Amino acid sequence: MTDITDEQIERYARHILLPEIGGAGQAKLLNSRVLVVGAGGLGSPVILYLAAAGVGHIGIIDDDDVDLSNLQRQIAHTTERIGVNKAESARQSVLALNPGIKVTVHSERLTAANALELIGDYDVVADGSDNFDTRFLVNDVCYFSRTTLVSAAILRFDGQLSTFRAHQGGANPCYRCLYPEPPPPDLIPTCAEAGVLGALCGVMGSLQAAEVVKELTGAGESMSGSLLIFDGLATEFRKVKIKPDPACALCGSPATITNVYS
Ligand SMILES: [Zn+2]
């Protein structure tokens, strides 16, 4: 590809060697825009691997500041940056790793008011948020803005991963096809309440970054229509099929929540 420099050929040589990526795939990555929701346990490895991979424009949204208790797992941050906004802290790690990347820091909370405008700017969204309100919002807005969503979740020793592109129709479900409604508050504990293995964030976040790269380059098979479940205590992966739910409030027919965020 004419727009790859000699330095980029050297930096990305191990990707370019892969027939499934090659020079054309690397050029796609360099021209891609990915929004990472949450610069925490999952967001940290996602952001670092996407930056290393040369995803040309990475948006990071997080309204939280780095806390000492984050550093057991959130490897995009440092002890020195305790108190700094997490999106800004992650930006500094990205630029140290790969100064050729453009990073947009969104040091705000993703809300129904700003989500459409924010998400519509990106090719793929990687959701590593830590609460169900944000997960459902991201899913719905990705659907309306026809943006592919790679989603992961973690708790204790357990992780889940899938890709959602229900906007393409066919056999592609959305997050609501899997989980129709947010669970009642307090039913599912948070990582702050129940704990999480630090390295589990690396396992699931690395898988999430790999799936983002696959979606951007078209390499391999998409995780759309599949849910990957990781049991970190047994060290077992399970991949199960998930189908679109005809009664889904978002992507079913007729959709019943189409105007919620407009
Ligand atoms: Zn759905």
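This is a short chat about the sheet, the zinc site and the salt bridges of a predicted model.

Q: How many strands form the sheet, and in what order?
A: There are 8 strands in an open sheet. The order is β3-β2-β1-β4-β5-β6-β7-β8, with mixed pairing.

Q: Which are the edge strands?
A: β3 (102–106) and β8 (236–241). Each of them pairs on one side only.

Q: What does the twist average from one strand to the next?
A: The average is 15°.

Q: Let's zoom in on β4 and β5. Do they run parallel or antiparallel, and how many bridges join them?
A: They run parallel. β4 covers residues 124–127, β5 covers residues 148–155, and 4 bridges join the two.

Q: What is the bridge partner of Ala126 in β5?
A: Val150.

Q: Which strands does helix α7 touch?
A: Helix α7 (residues 132–144) packs on the sheet and touches β1 (33–37), β4 and β5. The direction of α7 makes about 165° with that of β5.

Q: And which strands does helix α10 touch?
A: Helix α10 (residues 198–217) also packs on the sheet. Its contacts are β1, β4, β5, β6 (158–164), β7 (226–231) and β8. The angle between the directions of α10 and β5 is about 170°.

Q: Pick a residue in β6. Where does Asp158 lie, and what does Asp158 touch?
A: Asp158 lies in strand β6. Leaving aside residues up to four places away in sequence, Asp158 touches Ala153, Leu200, Phe230, Asp231 and Gly232.

Q: Why is Asp158 classed as partly exposed?
A: Because its relative accessible area is 41%, and the partly exposed class lies between 20% and 50%.

Q: What separates the C-alpha atoms of Asp158 and Glu236?
A: A distance of 10.0 Å, with the two residues 78 apart along the chain.

Q: New topic, the metal. Which residues coordinate the zinc ion?
A: Cys174, Cys177, Cys248 and Cys251, each through SG, at 2.3 Å. Their spacing in sequence is C-x2-C-x70-C-x2-C.

Q: Why is the arrangement tetrahedral?
A: Because the angles subtended by the 4 donor atoms run from 91 to 119°. The test asks for all angles between 85 and 135 degrees.

Q: Is Cys174 buried or exposed, and what about Cys177?
A: Cys174 counts as buried, at 1% relative accessibility. Cys177 counts as buried too, at 12%.

Q: On to charges. How many salt bridges are there?
A: The count comes to 8 salt bridges. One of them joins the side chains of Arg33 and Asp121, at 3.8 Å from N to O.

Q: Where do Arg33 and Asp121 sit?
A: Arg33 is in strand β1. Asp121 is in the loop between α6 (115–119) and β4, 88 residues apart from Arg33. Arg33 is partly exposed at 27%, and Asp121 is partly exposed at 46%.

Q: What forms a salt bridge with Asp63?
A: Arg109, with the closest N and O atoms 3.8 Å apart. Asp63 lies in the loop between β2 (57–61) and α5 (86–97), and Arg109 in the loop between β3 and α6. The two are 46 residues apart.

Q: How far apart are the closest N and O atoms of Arg176 and Asp140?
A: They are 2.7 Å apart, in a salt bridge. Arg176 lies in helix α8 (residues 175–178) and Asp140 in helix α7, so the pair ties together parts 36 residues apart in sequence.

Q: Are Arg176 and Asp140 buried or exposed?
A: Both Arg176 and Asp140 are buried.

Notes: Residues are numbered from 1 along each chain as its sequence is written. This is a predicted model: local features need pLDDT of at least 70, side-chain atom pairs count only at pLDDT 80 or more; totals for chains, interfaces and linings use all residues. Side-chain values use heavy atoms; hydrogens and water are left out. Two strands pair if DSSP finds at least two bridges between them. Helices (H or I, at least four residues) and strands (E, at least two) are DSSP runs, numbered from the N terminus. Axes are lines fitted to C-alpha atoms, for helices over the stretch in contact, and angles run from 0 to 180 degrees between N-to-C directions. Contact means heavy atoms within 4.5 Å. Buried means under 20% relative accessible area, exposed over 50%, partly exposed in between (1.4 Å probe, protein chains only). Donors are N, O and S atoms within 2.8 Å of the metal (3.2 Å for Na, K and Ca); water is not among the atoms, so sites may look incomplete. Four donors count as tetrahedral if all angles lie between 85 and 135 degrees; four count as square planar and six as octahedral if opposite donors are over 155 degrees apart and all others between 65 and 115; anything else is irregular. A salt bridge is a side-chain nitrogen of Lys or Arg within 4 Å of a carboxyl oxygen of Asp or Glu.
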